[in-house]
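Please look through the structure below with the following explanation at hand. It deals with a pocket and two residue positions.

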Amino acid sequence: LAWWWLVWRGEHASDRIPVLCYHRLTSKADLDSGKIVDDEPVWTVLDETFAGQLDYLHVHGFETLDLDQVLAIQRGERSAPDKGVVITFDDGYESVLRLGAPLLAERKQRAVVYALLEPDAYTNGQVEGIDRICTHDEIVKMQEMGLQIGSHSMTHAILTTLSSEKLKWEVEASKKGLADLCGGEIHHFCIP
């Protein structure tokens with residue numbers, strides 16, 4: 001029963017900031033025209049739907065925050081907005097750069113992308129012919145377009161199955177590689 005209290009308290013805390021987690025986006029026009037056939041619909045949102053969700057946040061007074069801003073709020077270095085929300089994207093798909101970044105920029109909204117530097121064959125194969133993981137240059141472009149970059153490991157391995165040495169490499173090499181690529185420290189990590 002004690003864990004229910006913790007969940008309830010977390011959900012009703014005055015400083016609660018929800019996180020909306022996405023993976024990739026699909027162009028409705030490409031889907032409708034048959035240009036792509038997306039048989040993995042669980043992990044994607046149509047670009048038109050995502051635009052509508054961003055508009056909903058705007059109309060209802062939500063301010064999109066990056067994780068540095070959330071931490072500053074938690075440390076008492078800045079005040080929390082009346083309605084704050086964090087938008088995240090796991091994996092760093094090219095569709096986020098092509099479809100999501102422009103929609104966010106048009107609306108002056110923020111998002112965090114947890115990027116992979118060396119995705120494994122399984123991760124690449126899941127979206128083959130539909131989408132792909134961003135190249136290193138595209139990760140930099142996402143950052144230049146205002147998206148915050150965080151680490152999602154090197155390869156997208158299931159971290160709980162790895163040896164201590166391999167786990168350390170997945171986490172540390174990703175952080176260092178992204179920092180070198182993006183020209184600054186990487187402060188945030190999302191477990192794949």
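Helices (H or I, at least four residues) and strands (E, at least two) are DSSP runs, numbered from the N terminus. The model is predicted, so local features need pLDDT of at least 70 and side-chain atom pairs count only at pLDDT 80 or more, while totals for chains, interfaces and linings use all residues. Residues are numbered from 1 along each chain as its sequence is written, and side-chain values use heavy atoms, with hydrogens and water left out.

Helix H6 (residues 121-126) contributes three residues to the lining of the largest pocket, the most of any element. A pocket is an open set of points on a 1 Å grid over the protein atoms alone, where a 1.4 Å probe fits, with protein on both sides within 12 Å along at least five of seven lines; lining residues have an atom within 4 Å of a point. The volume of the largest pocket, the space filled by probe spheres set on the points, is about 230 Å³. Its lining has 13 residues, and Trp43, Asp91, Tyr122, Gln126 and His156 are the closest to the centre.

His23 sits in the loop between strand S1 (19-22) and strand S2 (24-26). His23 counts as buried because its relative accessibility is 17%, buried being under 20% relative accessible area (1.4 Å probe, protein chains only). Beyond neighbours within four places in sequence, His23 has contacts (heavy atoms within 4.5 Å) with residues including Trp43 and Asp91.

Ala157 lies in the loop between strand S7 (148-151) and helix H8 (164-182). With 12% relative accessibility, Ala157 is also buried.

Technical notes. Buried means under 20% relative accessible area, exposed over 50%, partly exposed in between (1.4 Å probe, protein chains only).
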